[in-house]
Amino acid sequence: MNAGSGDKDADQREGAVRAVLTAGGRSFRLWRVTDIRRLPEVAREAVRLARQQQGTVVAAGGDGTINAVVQEVLPSGCPFGVLPQGTFNYFSRAHGIPVDTEEASALLLNGVLWPVQVGLVNQRPFLVNASLGLYPKLLERREVHKQRFGRHRLVALLSGFATLLAPPPQLVLALDDGGGSDVMHICTLVVDNNPLQLRQVGLPEERALQHGELAAIAVKARGAGQLISAFALAALGKLGEAEGVEAFSFKRLTVNPLRPSRRIKVATDGEVKWMEPPLVFQAAPESLLLLVPPFAPMGDGGA
């Protein structure tokens with residue numbers, strides 16, 4: 001559980017988890033992580049115990065926390081559960097996992113395992129999306145504003161709008177999906193692995209995610225006006241109608257910056273890291289075994 005010390009909300013969530021699992025007669029161990037840098041170490045320990053005891057590894061937090069734990073869980077083959085505690089919770093909502101902590105904890109007792117596709121960029125997993133250009137910049141600015149003003153959706157939205165008013169970065173990229181290389185002048189590239197997110201912005205590429213593919217969204221806007229227009233259409237579920245936006249699906253995509261660059265910032269599920277090009281995007285060969293509600297419709301945020 002990603003939770004700060006002295007956090008009363010985290011205390012309540014932890015109490016709810018313990019009460020539900022104890023009432024269900026399950027043995028468990030809960031790690032409360034106050035320093036996010038310890039997440040990989042704790043996740044490895046959780047995986048070790050889960051393999052010994054034929055148990056399930058559970059991540060309690062937002063999409064970034066879930067991603068950090070999945071990096072250890074995916075190669076292990078252990079079952080995986082989620083207690084969503086983030087701002088947008090795209091991953092959990094796409095698979096019908098309730099936001100309420102008690103309900104999500106109960107799902108750990110009666111859920112069913114479902115194979116879920118995981119995206120990779122240079123072998124680093126992502127569940128929702130991976131991006132470069134404007135989007136990582138937007139995420140970094142949003143984190144600064146959240147630390148200053150609080151972790152609320154309104155803060156995230158206002159921070160994003162403020163970032164859009166600044167001149168966007170311009171990238172010159174060679175994109176090769178196996179059918180030939182195209183050169184694109186863009187301000188951001190988003191590779192999406194979340195059907196709910198694609199559906200919300202109005203892109204039909206969500207269907208490709210059911211066939212082992214990922215969806216790429218390239219935004220070519222050169223000014224604040226075009227960017228704001230694209231984001232407004234995305235909010236209305238009409239991103240496909242935006243000028244300067246190109247979307248396509250692929251099995252494997254290699255991205256190379258044509259301007260000399262030893263490293264490039266890439267955001268995976270909201271966490272920004274430096275990576276060395278070329279960037280190779282593809283679906284992981286193995287699926288993540290996720291606990292979901294019985295008979296939950298996949299990818300619609302319901303259930």
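**View 1. A six-stranded open sheet in the predicted model.** In this predicted model, an open sheet of 6 strands is built with antiparallel pairing, and its strands lie in the order E5-E4-E15-E12-E7-E8. Strand E5 (124–126) and strand E8 (181–186) stand at the edges, where each has a single partner strand, so one side of each is left without a neighbour in the sheet. On average, and with direction ignored, neighbouring strands of this sheet are turned by 25 degrees against each other.

**View 2. The pairing of strands E4 and E5.** Strand E4, which covers residues 119–121, pairs with E5 in the antiparallel sense, and the two are joined over 3 bridges. Which residue of E5 is the bridge partner of Leu120? The partner to look for in E5 is Pro125.

**View 3. A second open sheet and its edges.** Another open sheet of 6 strands, again described by antiparallel pairing, follows the order E11-E10-E9-E6-E13-E14. At the edges stand strand E11 (245–250) and strand E14 (271–275), and because each has a single partner strand, one side of each is left without a neighbour in the sheet. Neighbouring strands here are turned by 20 degrees against each other on average, direction ignored. Within this sheet, strand E6 (residues 129–133) and strand E9 (residues 188–192) pair in the antiparallel sense over 5 bridges, and Leu132 has Leu189 in E9 as its bridge partner.

**View 4. The crossing of helices H1 and H5.** Two packed helices are described by the angle between their axes and the distance between the axes. For helix H1 (residues 8–23) and helix H5 (residues 101–110), the axes come within 9 Å and cross at roughly 35 degrees, and the crossing in which H1 passes H5 is right-handed. On the side of H1 the contact is made by Arg13, Ala16, Val17, Val20 and Leu21, while H5 contributes Thr101, Glu102, Ser105, Ala106, Leu108 and Leu109. Sorted by class, the residues of this contact between H1 and H5 divide into 7 nonpolar, 2 polar and 2 charged.

**View 5. The lining of the second largest pocket.** Rolling a probe the size of a water molecule over the atoms shows where empty space is left. The second largest pocket has a volume of about 820 Å³, and of the 31 residues that line this pocket, Phe28, Arg29, Thr56, Val57 and Val58 are the closest to its centre. Several elements each supply at least two residues of the lining, namely H1, helix H2 (39–53), strand E1 (57–61), helix H3 (63–73) and H5. Which element gives the largest share of the lining of this pocket? The largest share comes from H2, with 7 residues. By class, the lining of the second largest pocket has 22 nonpolar, 7 polar and 2 charged residues.

**View 6. Two backbone details in loops.** Most residues other than glycine have a negative phi, and most peptide bonds are trans. Gln54, which is found in the loop between H2 and E1, has a positive phi of about 55 degrees although it is not a glycine. The peptide bond from Pro277 to Pro278 is cis, with omega near 5 degrees, and Pro278 is found in the loop between E14 and strand E15 (279–283).

Definitions and conventions:
Residues are numbered from 1 along each chain as its sequence is written. This is a predicted model: local features need pLDDT of at least 70, side-chain atom pairs count only at pLDDT 80 or more; totals for chains, interfaces and linings use all residues. Side-chain values use heavy atoms; hydrogens and water are left out. Two strands pair if DSSP finds at least two bridges between them. Helices (H or I, at least four residues) and strands (E, at least two) are DSSP runs, numbered from the N terminus. Axes are lines fitted to C-alpha atoms, for helices over the stretch in contact, and angles run from 0 to 180 degrees between N-to-C directions. A crossing is left-handed if the near helix is turned anticlockwise from the far one by less than a right angle, and right-handed if clockwise. Contact means heavy atoms within 4.5 Å. Ala, Val, Leu, Ile, Met, Phe, Trp, Tyr, Cys and Pro count as nonpolar, Asp, Glu, Lys and Arg as charged, and the others, Gly among them, as polar. On a 1 Å grid over the protein atoms alone, a cavity is a set of points where a 1.4 Å probe fits but cannot get out, and a pocket is an open set with protein on both sides within 12 Å along at least five of seven lines; lining residues have an atom within 4 Å of a point. Grid points are joined across faces, edges and corners, and a volume is the space filled by probe spheres set on the points.
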